[in-house]
There are 2 protein chains.
Amino acid sequence: MDHATTRLAVSTVIFALRQEHGGAPTLWTPFVLRTRQPHLDQWALPGGWLSADEDLDSAAARTLGETTGLHPSYLEQLYTFGGVDRSPTGRVVSVAYTALVRTDEVDRAAPGENVRWFRADALPRLAFDHNAIVDYALARLRTKVEYAHIAHTFLGETFTLAQLRSVHEAVLGHALDAANFRRSMTTSSDLVETGEVLAGTPHRPPKLFRYRTAESTRS
Amino acid sequence: MDHATTRLAVSTVIFALRQEHGGAPTLWTPFVLRTRQPHLDQWALPGGWLSADEDLDSAAARTLGETTGLHPSYLEQLYTFGGVDRSPTGRVVSVAYTALVRTDEVDRAAPGENVRWFRADALPRLAFDHNAIVDYALARLRTKVEYAHIAHTFLGETFTLAQLRSVHEAVLGHALDAANFRRSMTTSSDLVETGEVLAGTPHRPPKLFRYRTAESTRS
């Protein structure tokens, strides 16, 4: 019953899309350089200790804001990691969260020092078991993109089918057939045309879509 | 940083099917009567404190065995509950698990004293926030039964379509159309006929099915 020797932390895996040099967008995630032992000078997930007077969601949001300057609207508990030997300096149980942020939120954020974004498919060797946590978050995200409106969180309210496909491709890590994707999405009852088109594209501008809400289902 | 004042517990929501008086099977879950304060004489989820030398899965399996005598093959982490005021005697963060057990496992188990099974749709007022934890587990199970092989865990290796439907009905809490269910299941590529029929049913015995394994997919 050595409760006192087990400490509780929260850690968050943040995903955002980034487009480099006009290429296809890819999935990126930020880490914080550790400035103390253990794992001095290694990259680690943004996070920190749970305070006595805050619940888990609040602790995740707070530590995320303190380190990366991000305040994502999508923040969800992922899994709790409690292996006995996770930390070399005593038992630490970490409640891991996943956050999704839009590119414009990333651009507006004022990250702390020692924060750097990495491509999700080219991670460095991270501190503690954080590589395993990111792998788990990525696997979960890949199953989610197929049945939930994750893409929406990356793109905002309205988007073209090409933009939506680029989100699916970035998360899944491979290209999708454009025609099949279009057919599958437009026959989905969850997606509706807004009646508008993408601005700034004079020649055959692509249609804008959005996800059906409870409101629009009724009408 | 009051780590020492936050204690870590594990709790498990166990689901099993029970058939009463020859009726349709329904979903049941066991609770343990509390013999000390806080919440003396209230029903609570099986569980206990995390020991310093065991990981979370082991703690869930151990505390489950100690209280209910059950050693389920399906034991999965559900969610971590960390509300500040969950316990009246100091901060407790609980890592909740879900277990599914077959009826014959329940019959073979030697439960501790003070264990009683309740119908999942007729729960008593439980200790702490345990009603909320069971509600969450039930909601998760209902989404799972539609895309995973949960039914299998309740039924064992082979089963008739009627048995499979009864599992879906018990979990979902409402009746399903038999013809639609049969059509939907037999067109699913995950279900295969074993070539055998249910024993002890001489007149038009129902076929036995099983889930496709990696092995049978290859052949």
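Here, buried means under 20% relative accessible area, exposed means over 50%, and partly exposed covers what lies in between. The structure on screen is a predicted model.

**Stop 1: helix H5 of chain A**

Select A:Arg165, which has a relative accessible area of 21% and is therefore partly exposed. Add A:Glu169; at 18% relative accessibility this residue counts as buried. The cut-off between the two classes is 20%. Show both side chains: A:Glu169 and A:Arg165 form a salt bridge, at 3.2 Å from N to O. Widen the selection to residues 161–172 of chain A, which make up helix H5. Both residues of the pair belong to this helix, four residues apart, or about one turn.

**Stop 2: a salt-bridge network in chain A**

Next, select A:Glu54, A:Arg62 and A:Glu66 together; a network of salt bridges links them. Draw a distance between the side chains of A:Glu54 and A:Arg62, whose salt bridge is 2.6 Å from N to O. Are these two residues buried or partly exposed? A:Glu54 is at 10% relative accessibility and so counts as buried. A:Arg62, at 27%, counts as partly exposed.

**Stop 3: helix H2 of chain B**

Move to chain B and select residues 103–108, helix H2. Within it, show B:Asp104 and B:Arg108, which form a salt bridge with the closest N and O atoms 3.2 Å apart. Because they are four residues apart in H2(B), about one helical turn separates B:Asp104 from B:Arg108. B:Asp104 is partly exposed, with a relative accessible area of 34%, whereas B:Arg108 is exposed at 61%. Across all chains of the structure, a search finds 16 salt bridges.

**Stop 4: strand S2 of chain B and its partners**

Stay in chain B and select residues 26–33, strand S2. Why is this strand described as largely enclosed by the rest of the structure? Seven of its eight residues are buried, so the surrounding structure largely encloses S2(B).

Now bring in the paired strands:

- Select residues 7–18 of chain B, strand S1, which pairs with S2(B) in the antiparallel sense over three bridges. To find the register, show B:Arg18, which stands opposite B:Thr26 in S2(B).
- Select residues 115–119 of chain B, strand S7, which is antiparallel to S2(B) and joined to it by five bridges. Here B:Val32 stands opposite B:Val115 of S7(B).
- Select residues 43–44 of chain B, strand S3, which also runs antiparallel to S2(B), with two bridges between them. B:Leu33 has B:Trp43 in S3(B) as its bridge partner.

**Stop 5: an annotated span in chain A**

Return to chain A and select residues 5–141. An unreviewed UniProt entry lists these residues as "domain: Nudix hydrolase". Mark the end C-alpha atoms of the span, which lie 33 Å apart. Coloured by secondary structure, residues 5–141 of chain A are 23% helix and 35% strand.

**Stop 6: both chains**

Finally, display chains A and B together. A turn of 180°, with a shift of 0.0 Å along the axis, lays chain A on chain B with an RMSD of 0.0 Å. This is the relation of a two-fold axis. The same surface serves both copies, since 100% of the contact residues of chain A recur in chain B.

How values were computed
Residues numbered from 1 in each chain as written. Chains lettered and ligands numbered in written order. Predicted model: local features only at pLDDT ≥ 70, side-chain atom pairs only at ≥ 80, totals over all residues. Heavy atoms only, no water. Buried < 20%, exposed > 50% of the residue type's maximum accessible area, 1.4 Å probe, protein only. Pairing = 2+ DSSP bridges. Salt bridge = Lys/Arg side-chain N within 4 Å of Asp/Glu carboxyl O. Least-squares fit on C-alpha atoms with pLDDT ≥ 70 in both. Contact = heavy atoms within 4.5 Å. UniProt positions renumbered as here; feature names shortened; annotations may be inferred.
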